[in-house]
Amino acid sequence: MSENQNHHPEEMAAFFDARADGYDRHMKNTVAEYNLFYEAVAKPILPTEERIRILDLGCGTGLELKEIIKKTPQARVTGIDMSRKMLDLLAEKHKNSTIFLELIQDSYETVVLSSEAYDYAVSVMSVHHLLPDRKLALYKKVWSALKPGGLYIEGDYVVTPATERALMAEYLEMLDSGQLTNTLCHIDIPFSVTTQFALLQEAGFCDIDVQVRFKNNAVLVALKPLKP
Ligand SMILES: C[S@@+](CC[C@H](N)C(=O)[O-])C[C@H]1O[C@@H](n2cnc3c(N)ncnc32)[C@H](O)[C@@H]1O
């Protein structure tokens with residue numbers, strides 16, 4: 001969600017709590033090729049009636065779940081999000097759903113995840129707020145939480161290397177000048193595909209690929225190998 005960029009950074013949960021009500025409409029109106037993008041997030045998931053486990057980092061109101069449920073109607077989805085209001089909207093939308101929902105209000109950076117528990121991990125439009133070292137730590141955590149052979153699917157903003165450098169410099173300047181009260185503020189620092197690939201590879205993933213790209217939105221897929 002990038003309509004008010006890095007000028008007056010707000011605390012993350014407060015930012016989304018304040019915008020939860022109009023959130024779905026905002027995304028449908030602003031995400032390039034909205035339907036195709038969210039379909040692409042679910043595309044690598046193999047259809048099954050089994051109760052497979054899916055981890056959703058920054059699930060928000062669950063826009064990605066609409067497509068995921070079509071592929072895995074019996075899945076057990078663990079959704080993690082800091083915003084109570086976004087989670088409440090998700091729960092309301094899916095109160096009669098066939099999937100089993102486990103919603104956790106917490107930061108995916110700090111919450112403890114079971115090891116080798118998930119068949120898939122997804123994150124859509126959420127992890128572009130993290131500096132490289134924190135994103136790498138998160139990718140390592142996701143890697144550990146996935147079963148061997150599990151897939152990580154990330155749909156998020158990507159930028160050119162030059163824009164990445166500019167946004168990073170702006171962010172670091174804000175940190176240096178004390179403009180950030182804490183580092184869980186809503187600040188957009190999307191990376192280039194090159195940086196994304198490097199971080200995912202460093203975390204241990206293989207077969208990293210761009211599933212689709214629509215303007216500045218891309219769906220990346222990364223595999224946790226069967227054998228380390
Ligand atoms: C733009 S929304 C995306 C929601 C949903 N995945 C979608 O595609 O519509 C970003 C979500 O990530 C959540 N978020 C951001 N940083 C987080 C963190 N460190 N831990 C948990 N949730 C986080 C926000 O609260 C927000 O609901």
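Here is a chat between a visitor and a guide about the structure shown above.

Visitor: What kind of model is this, and from where are residues numbered?
Guide: This is a predicted model, where local features need pLDDT of at least 70, side-chain atom pairs count only at pLDDT 80 or more, and totals for chains, interfaces and linings use all residues. Side-chain values use heavy atoms, with hydrogens and water left out, and residues are numbered along each chain as its sequence is written, from 1.

Visitor: Let's start with the ligand. Which residues come nearest, of the 21 around the ligand?
Guide: A residue counts as near a molecule or strand if one of its heavy atoms lies within 4 Å of it. Of the 21 residues around the ligand, the ones that come nearest are Tyr 23, Tyr 38, Gly 58, Asp 81 and Ser 126.

Visitor: How far is a polar side-chain atom of Tyr 23 from an oxygen atom of the ligand?
Guide: A handy yardstick is the polar contact, a pair of N or O atoms within 3.5 Å (within protein, one must be able to donate a hydrogen and the other to accept it, and residues adjacent in sequence count only if both atoms are side-chain atoms). Backbone atoms also come up around the ligand: a polar one of Gly 58 is 2.8 Å from a ligand nitrogen, and a polar one of Val 124 is 2.9 Å from a ligand nitrogen. For the Tyr 23 side chain and the ligand oxygen, the distance is 2.6 Å.

Visitor: How much of the ligand does the protein bury?
Guide: Accessible areas come from the Shrake-Rupley method with a 1.4 Å probe, and for residues only the protein chains shown count as cover. Taken alone, the ligand exposes 600 Å². Of that area, the protein buries 100%.

Visitor: Where does the ligand sit?
Guide: On a 1 Å grid over the protein atoms alone, a cavity is a set of points where a 1.4 Å probe fits but cannot get out. A molecule sits in one if more than half of its atoms lie within 2 Å of its grid points. Here, the ligand sits in the largest cavity.

Visitor: Is His 129 buried or exposed?
Guide: His 129 is in the loop between strand 4 (118-124) and helix 6 (132-145); helices (H or I, at least four residues) and strands (E, at least two) are DSSP runs, numbered from the N terminus. Buried means under 20% relative accessible area, exposed over 50%, and partly exposed in between (1.4 Å probe, protein chains only). Since His 129 comes in at 6%, His 129 is buried.

Visitor: Which residue's backbone oxygen does the side chain of His 129 reach?
Guide: Contact means heavy atoms within 4.5 Å. Leaving aside neighbours within four places in sequence, His 129 has contacts with Met 12, His 186, Ile 187, Asp 188 and Ile 189. At 2.9 Å, the backbone oxygen reached by the His 129 side chain is that of Ile 187.

Visitor: What is the phi of Met 125?
Guide: Met 125 is in the loop between strand 4 and helix 6. With 5% relative accessibility, Met 125 counts as buried. Met 125 isn't a glycine, yet its phi is positive, at about 55°.

Visitor: And is Lys 215 buried or exposed?
Guide: Lys 215 is in the loop between strand 6 (206-214) and strand 7. Though not a glycine, Lys 215 has a positive phi of about 50°. Its relative accessible area is 70%, so Lys 215 is exposed.

Visitor: How far apart in space are Phe 214 and Leu 36, C-alpha to C-alpha?
Guide: Phe 214 is in strand 6, and at 18% relative accessible area, Phe 214 is buried. Not counting residues up to four places away in sequence, Phe 214 touches Ala 32, Glu 33, Leu 36 and Phe 37. Phe 214 and Leu 36 are 178 residues apart in sequence, but their C-alpha separation is 8.9 Å.

Visitor: What separates the C-alpha atoms of Gln 74 and Ile 99?
Guide: Gln 74 is in the loop between helix 4 (65-71) and strand 2 (76-81), and with 27% relative accessible area, Gln 74 is partly exposed. Gln 74 and Ile 99 are 25 residues apart along the chain, and their C-alpha atoms are separated by 4.8 Å.

Visitor: Last one: which side chain does Arg 134 join in a polar contact of 2.7 Å?
Guide: Arg 134 is in helix 6, and its relative accessible area of 19% makes Arg 134 buried. The side chain joined to Arg 134 by that contact belongs to Glu 109.

Notes. On a 1 Å grid over the protein atoms alone, a cavity is a set of points where a 1.4 Å probe fits but cannot get out, and a pocket is an open set with protein on both sides within 12 Å along at least five of seven lines; lining residues have an atom within 4 Å of a point.
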